[in-house]
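Biologist: I'm new to this one, so please give me a quick bearing on the whole thing and then a close look at a single part. Take your time and join the pieces up as you go.

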Amino acid sequence: MKPVAYQHHGFTLWQLPVLRDNYIYVLFPEASHTAWAIDPALAPAVRRHCQQHQRPLAHIWNTHHHWDHTDGNSQLAEYYGCEVWAAASDAQRTPAVTQLLQDGDHRCIDGLNIEVLHLPGHTDGHLAFCIGHALFCGDVLFSAGCGRIFEGTHAQMLHSLARLHALDDAFSVYCAHEYTEMNLIFALKVADTLNDETWRQACRQRWHQVQQLRADKKPSVPSTLAEEKRSNPFLQVWREDFQRSYAQAHGCACDALAVFTHLREWRNRG
Ligand code: ZN
Ligand code: FE
């Protein structure tokens, strides 16, 4: 796969596929001649891209400390002398960090507003960044799925997802991994156990779309928040009819946290 460009209000966003299934996002603000990188797993891919477009890297934004999101930090920071933004609570375990962030922070750089959400669950310090209608949610929300719970609790992860669920439908969801196909296979497996024909159809429809994209060697990311609210199994758990159907089929309690916990643990196994 080649880098793909997306046009947003005030910036161009490049999606670089790296490693097995990671995406690095490189953002070119219209108001400057610099570049920003979100979750640079590798330095050379980012450097090559910036050089090709003659834009020096000015900012790195890290959603969380995992190596497949931060391994490029040190080399890039050394080469460009750029700022490295990360969660204050992850200051000790984010390489080359220079600027610390917490929930509710806003920054305005190169005419762009960056809003910071602290979304624990996958890791304790996980952040998401909203820039215009682009949502960079790292490993919290995936296309048709959600991240594994490594450091937090199910309740924390559910709360983090609820905060994303509350955002505008029009957001593009730029998650950090290409997991959509596997996630939809799981979603369809779940749908087979439930009495929820509307949701099942939404998953089926999305499955066909994603099969087409993959056959054309195109990324299935980004999706929209509207699409995630429609088909992502982990974003169905607040619907009472979904809870009832799920609890009946799987013998768990009939509330969002119980259903979410069961779903997440099932996904870990399957
Ligand atoms: Zn991660
Ligand atoms: Fe990751």
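**A close look at the metal site**

Modeller: Let's start with the whole chain: its secondary structure comes to nine helices and 15 strands, where helices (H or I, at least four residues) and strands (E, at least two) are DSSP runs numbered from the N terminus. The chain's radius of gyration is 19 Å, close to the 18 Å that the globule rule gives for 270 residues, so the chain is as compact as a globular protein of that length. That radius is taken over C-alpha atoms, and the rule is 2.2 Å times the number of residues to the power 0.38. Along the principal axes, the C-alpha atoms fill a box of roughly 55 × 40 × 30 Å.

Keep in mind that this is a predicted model, where local features need pLDDT of at least 70 and side-chain atom pairs count only at pLDDT 80 or more, while totals for chains, interfaces and linings use all residues. Residues are numbered from 1 along each chain as its sequence is written, chains are lettered from A and ligands numbered from 1 in the order in which they are written, and side-chain values use heavy atoms, with hydrogens and water left out.

Of the 270 residues, 56% are buried; buried means under 20% relative accessible area, exposed over 50%, and partly exposed in between (1.4 Å probe, protein chains only). Of the contacts in the chain with a separation of 6 or more, 57% are between residues 24 or more positions apart, a contact being heavy atoms within 4.5 Å.

Now for the part I'd zoom in on: the two metal ions. The zinc ion (ligand 1) and the iron ion (ligand 2) are 3.2 Å apart, and D139 coordinates both. Donors here are N, O and S atoms within 2.8 Å of the metal (3.2 Å for Na, K and Ca), and water is not among the atoms, so sites may look incomplete.

Take the zinc ion (ligand 1) to begin with. Its protein donors are H64 (NE2), H66 (ND1), H122 (NE2) and D139 (OD), at 2.2 to 2.3 Å. Along the chain these donors follow the spacing H-x1-H-x55-H-x16-D. Two of them can be checked for burial: H64 is buried at 2% relative accessible area, and H66 also counts as buried, at 17%. The angles among the four donor atoms run from 86 to 172°, and the site is irregular. Four donors count as tetrahedral if all angles lie between 85 and 135 degrees; four count as square planar and six as octahedral if opposite donors are over 155 degrees apart and all others between 65 and 115; anything else is irregular.

Next door, the iron ion (ligand 2) has D68 (OD), H69 (NE2), D139 (OD) and H177 (NE2) as protein donors, lying 2.1 to 2.4 Å from it. Their spacing in sequence is D-H-x69-D-x37-H. This site is irregular too, with angles of 84 to 169° among its four donor atoms. D68 counts as buried at 10% relative accessibility, and H69 at 0%.

From the metals, step over to the cysteines. The whole structure holds zero disulfides, a disulfide being a pair of cysteine sulfur atoms within 2.5 Å. C108 is in none, and the nearest cysteine sulfur, that of C130, is 15 Å away. C146 has its closest cysteine sulfur in C137, 11 Å off and too far for a bond. C108 counts as exposed at 57% relative accessibility, whereas C146 is buried at 5%.

C108 also has a place in a sheet. Six strands form an open, mixed sheet in the order β8-β9-β10-β11-β14-β15. Strands β8 (106-109) and β15 (223-224) stand at the edges, each with a single partner strand, so one side of each has no neighbour in the sheet. β8 pairs with β9 (residues 112-118) in the antiparallel sense over four bridges; two strands pair if DSSP finds at least two bridges between them. The bridge partner of C108 in β9 is N113.

One last stop is R206, in helix α6 (residues 197-215). R206 counts as buried at 4% relative accessibility. Leaving out residues up to four places away in sequence, R206 touches several residues, including S143, A144, T180, E227 and E228.
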